[in-house]
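Colleague: I should like to learn how a structure of this kind is read. May we go through it step by step?

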Amino acid sequence: MGDSEAEETKISTEPVDNAWSMKIPTFRQEDNPHGMVEESSFATLFPKYRERYLKEVWPLVEQCLEEHHLKAELDLMEGSMVVRTSRKTWDPYIIIKARDMIKLMARSVPFEQAKRCLQDDIGCDIIKIGNLVHKKEKFVKRRQRLIGPNGATLKSIELLTDCYVLVQGNTVSALGPYKGLQQVRDIVLETMNNVHPIYNIKALMIKRELMKDPRLANEDWSRFLPKFKNKNISKRKQPKVKKQKKEYTPFPPSQPESKVDKQLASGEYFLNQEQKQAKRHQERSEKQKEAAKRQDERRNKDFVPPTEEAASSRSKEDGSSSSKVDVKALKAKLIKANKKARS
């Protein structure tokens, strides 16, 4: 091993300004010449509708994993995919990468995209969104908002983050560089929390332009980024007539009067049966007289003659209207009409 290679393998303990700019060192076969001692395997289930596609592309999957000395099995009876290491496998982390690949294929990601997960600088993330929104109608609307009209919003997210994003059922599958995966997760979670993805897309576009300016490297970028204001107004219907609350009193309300108490107050309790009947008959006759009086007033209302104005006031109004006529204007109007008739 030369001096240059020894310098590369040295681990620096100094603080790093930008960790994303660091390059991941490649793990070669010479770093693990003895291979794997124990066998590791991972299995994942896939839905019934993926069976036909997986059956077609499975020879390509086996060929791709054979390059990394891995074995793959497809069990159509149980509906599962299995990846396992062999004695020739020298990369200890490649089995984790293969597990992520079959998970993505089970979530309807095509094989051409899923096999990119085996690269060192490419990762994957399966974001569960099914339990973030309780109401199904809101969940469907927010998931559609993430996709956008004709998939435009999803396409813009892919272009800005350099990731492949697929919305499928209750999950969002993302595949790409690790920094882009972090951005995709933030956008998806905020969208399901009722923040429109256009705000995050605008923020990513502004950050991309600000990164080009070296003068703004050590400045705060929050003044350039769009701010989201939550205008969620309560849609609960308010009553037309609101009852005013009474003032609080520590004392309980007074007990309502009973029928006997009312009779004692009016003196009816001490009357005999004949006197009580006579009193009821008198009250009934008084009510009938009042009702008959109101009925007569309502019937005679149509026969009341309307009030007429005095003749003197009419003549005064006619005289005032005749005195207001402009004779000169009337003459000019007639002359004009005659000229038009002659011509």
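Colleague: What percentage of the residues in the chain do the buried residues make up?

Modeller: Please note at the outset that this is a predicted model. A residue is called buried when its relative accessible area is under 20%. In this chain of 343 residues, buried residues make up 26%.

Colleague: How many helices and strands does the chain have?

Modeller: There are 12 helices and six strands. Contacts may also be sorted by how far apart the partners are in sequence. Of the contacts in the chain with a separation of 6 or more, 59% are between residues 24 or more positions apart.

Colleague: Let us take one helix. What span does H7 reach from its first C-alpha to its last, and what is expected?

Modeller: H7 runs over residues 178-192, which is 15 residues. Its span is 21 Å, close to the 21 Å expected at 1.5 Å a residue.

Colleague: Which residues of H7 are buried, and why do they lie on the same side?

Modeller: The general idea comes first. An α-helix has 3.6 residues a turn, so residues three or four places apart point the same way. In H7, the buried residues are Gly180, Leu181, Val184, Ile187, Val188, Thr191 and Met192. These residues cover an arc of only 125° around the axis, and therefore they lie on the same side of H7.

Colleague: Which elements do the buried residues of H7 pack against?

Modeller: Three of the partners are strands and three are helices, and they are best listed by kind. The strands are E4 (123-128), E5 (164-168) and E6 (171-176). The helices are H5 (136-147), H6 (152-161) and H8 (197-210).

Colleague: H7 also borders open space, I believe. How much space lies in the largest pocket, and which residues lie nearest its centre?

Modeller: The largest pocket holds about 990 Å³ of space. Its lining has 34 residues, and those nearest the centre are Trp20, Lys179, Gly180, Gln183 and Leu204. The elements that give two or more residues to this lining are H6, H7 and H8. H7 gives the most, with eight residues.

Colleague: How is the lining of the largest pocket divided by class?

Modeller: The lining has 18 nonpolar, seven polar and nine charged residues.

Colleague: Backbone angles are another feature to read. What is the phi of Asn194, and where is this residue placed?

Modeller: Asn194 has a positive phi of about 70° although it is not a glycine. This residue follows H7, in the loop between H7 and H8. Its relative accessibility is 26%, so Asn194 counts as partly exposed. A positive phi is also found in Asp162, near 60°, and Asp162 is likewise a residue other than glycine. Asp162 is placed in the loop between H6 and E5.

Colleague: Finally, how far apart in sequence and in space are Pro25 and Asp120?

Modeller: Sequence distance and spatial distance are read separately. Pro25 and Asp120 are 95 residues apart in sequence, while their C-alpha atoms are 9.2 Å apart in space. Thr26 and Asp121 are 95 residues apart in sequence and 9.8 Å apart in space, C-alpha to C-alpha. Pro25 lies in the loop between H1 and E1, and Thr26 is found in the loop between helix H1 (3-9) and strand E1 (41-45).

Colleague: Are Pro25 and Thr26 buried or exposed?

Modeller: A residue counts as exposed when its relative accessible area is over 50%. Pro25 has 69% and is therefore exposed. Thr26 has 52% relative accessibility, so Thr26 also counts as exposed.

Technical notes. Residues numbered from 1 in each chain as written. Predicted model: local features only at pLDDT ≥ 70, side-chain atom pairs only at ≥ 80, totals over all residues. Heavy atoms only, no water. Helix = DSSP H or I, 4+ residues; strand = E, 2+ residues; numbered from the N terminus. Expected span 1.5 Å × (residues − 1). Buried < 20%, exposed > 50% of the residue type's maximum accessible area, 1.4 Å probe, protein only. Arc of directions from axis to C-beta. Contact = heavy atoms within 4.5 Å. 1 Å grid on protein atoms, 1.4 Å probe; cavity = no way out; pocket = protein on both sides within 12 Å on 5 of 7 lines; lining within 4 Å. Points joined across faces, edges and corners; volume = space filled by probe spheres on them. Nonpolar A, V, L, I, M, F, W, Y, C, P; charged D, E, K, R; others polar.
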